[in-house]
Amino acid sequence: MASIKFTGAGINSFPSSLTDSSESCRIKFGFSFNKGLSSTRPNMRDLTVTSVATTPPVVIPSPAIEPVHELKLVAWKSIQQERWEGELVVEGEIPLWLHGTYLRNGPGMWHIGDYNFRHLFDGYATLVRLHFEKGRLIAGHRQVESEAYKAAMKNNKLCYREFSEAPKPDNFLSYVGELANLFSGASLTDNANTGVTRLGDGRVVCLTETIKGSIEIDPDTLETIGQFEYTDNWGGLIHSAHPIVTETEFLTLLPDLMNPGYVVVRMEPGTNERKVIGRVDCRGGPAPGWVHSFPVTEHYIIVPEMALRYCAQNLLRAEPTPLYKFQWHPESKAFMHVMCKASGKIVTSVEVPLYVTFHFINAYEEEDEDGRVKAIVADCCEHNADTTILDKLRLQNLRSFSGQDVLPDARVGRFRIPFDGSPNGTLEAALEPDQHGRGMDMCSINTAYLGKKYRYAYACGAQRPCNFPNTLTKIDLVEKTAKNWIDDGAVPSEPFFVARPGATKEDDGVVISMISDKNGEGYALLLDGSTFKEIARAKFPYGLPYGLHGCWVPKN
Ligand SMILES: CC(=O)/C=C/C=C(C)/C=C/C1=C(C)CCCC1(C)C
Ligand SMILES: CC(/C=C/C=O)=C\C=C\C=O
Ligand SMILES: [Fe+2]
């Protein structure tokens, strides 16, 4: 394995035409869809119901390997049927101004037949939709029909490389073929299971870390429209799972594994063409740090270089390592680079304390009394430079909570990146982590404050003991306090803030989350953005898987 080397300009330099793959293997998937449907592509309208009672769930046969402590919680269990839609009964009051659709994406099916996936991030994407109108709530979910998902259904086996799972080669020749496919990108998954975003032009795209896993969907029917194809010649295989998307642009980072660095690209609404803003070379090695997300300010793009780095050898392995496709290189140090958005020039690059993060929360520029930028502040959900969080997200760990407090501590990590030429930046907790139970991930802000000085962040926190963040928390970065919401034994998904139209206060709006409760059921929850008190909830016909990230599609 060690003798295999990447050749060419970089893993992100292969032409995208080579990354496409056919549905090479076809057999039936190991469970049936809704009753009465003969086709594997049922029409969404056939499934629409007006009352939750009319759609009995189709139950999937139990997985072959049962968890040690069987929980009723369904957050980590595969979705029970491919799709559903119906109106939910609302307890409490949905504000009449809330008009639009909240979409949430995330891994929702973790098995193929009787083969069980290992890691949370391996699951096939399940989209959930909450449509709010005139105080009513229509909900639905549907699987994203990626090539990886469709091939698994047809062949009853894994056909593409997922986050931790890889197809098993039958013999040495197919192993060599598999390696070739890895270099060309053909074997990488397009399972767009991380998030969903609404582009400035209104198109809605599901995303993951592989570029081919950018899939356009219809926000009304949740139907898969097809692969979102980037028409530039940049090609490339991987990008950040969390682009920065506004009404005027789509910004993302393309890690270059061959010549360690990151290319920063921008795409305008109405186009599929990414244009290069600039490039930053890594200061540590041997490979770029993992960039699941990155922050921006009004004038700068911050490129994080984490010591948890992509690892060519681990990319080639069929069996997962404790750090999956990554390796921890504390000796290589950690850095934050600041690129000017207008010129693409690196204005400063500082060494920072070691850190581990999936999610940046926000960043802003700090000015001196003459209005000159003196520093950048960038906040993230920081796991105390402890990489074990990745392994804690293995399904076996998530499914086997025994009452022990096994969730590693996390905090709001605040970087300060000085502009005075100092070689170092700082990283400190922005508030006492006990305020949010030392759990911290899956964050959102009022998007009107993106890149600007802000006060509030919403995230999942912890009430200990726990094995996963189990509260919703509203962080006040000025008062350095948190308000926490909990339903004992439940797992809430990412709290998503939607501002009230016309609001002038940062926290004037609602927070949407979906809860998987201890009885195996689930409900949509609305909290008041300011008081953080419940204003409405609506039970789903059956509990849904955890899910990851969401977006808001306003109705004009
Ligand atoms: C769900 C989530 O948050 C992250 C998903 C990450 C994925 C699917 C990463 C996939 C990858 C490969 C299949 C090979 C190349 C590296 C990497 C991008 C990690
Ligand atoms: C759910 C999660 C971390 C929780 C830890 O406390 C990370 C998800 C990352 C991908 O979006
Ligand atoms: Fe994420």
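Select strand β29, residues 471-476, together with β30: 6 bridges join the two strands, which run antiparallel. This is a predicted model. For one rung of the pairing, show L472 and then W485, its bridge partner in β30. Strands of a sheet pair through backbone hydrogen bonds, either parallel or antiparallel.

Now widen the selection to the rest of this sheet. It is an open sheet of 4 strands, in the order β27-β28-β29-β30, and the pairing is antiparallel. Colour β27 (441-444) and β30 (481-486), which stand at the edges. Each edge strand has a single partner, so one side of each is left without a neighbour in the sheet. Turn the view to follow the twist, which averages 25° from one strand to the next.

Next, select ligand 2. The residues around ligand 2 include D441 and M442, and residue 441 is where the edge strand β27 begins. Which other residues should be shown around ligand 2? Add T194, F358, I389, A410, G439, P469 and L548. By class, this shell divides into 6 nonpolar, 2 polar and 1 charged.

Keep T194 on display and select ligand 1. T194 is among the closest residues to ligand 1, along with F121, F163, E209 and K325. How many residues surround ligand 1? There are 17 of them. The shell around ligand 1 has 8 nonpolar, 5 polar and 4 charged residues.

Move on to helix α2, residues 147-155. Is this helix largely enclosed or left open? It is largely enclosed by the rest of the structure, because 7 of its 9 residues are buried. To see them, select E147, A148, Y149, K150, A151, A152 and M153. Then show some of what covers these buried residues: β6 (111-112), β8 (124-133) and β9 (136-143) are included. Step past the end of α2 to N156, which follows the helix and has a positive phi, near 55°.

Finally, zoom out and show the whole protein. It has 6 helices and 36 strands. How much of the protein is buried? Buried residues make up 50% of its 556 residues. A last view is of the contacts between residues at least 6 apart in sequence: 63% of these join residues at least 24 apart.

Note on methods. Residues numbered from 1 in each chain as written. Chains lettered and ligands numbered in written order. Predicted model: local features only at pLDDT ≥ 70, side-chain atom pairs only at ≥ 80, totals over all residues. Buried ≥ 20, exposed ≤ 12 C-beta atoms within 10 Å, placed from the backbone. Contact = placed C-beta atoms within 7 Å. Near = placed C-beta within 6 Å. Nonpolar A, V, L, I, M, F, W, Y, C, P; charged D, E, K, R; others polar. Pairing = 2+ DSSP bridges. Axes fitted to C-alpha atoms, helices over the stretch in contact; angles between N-to-C directions.
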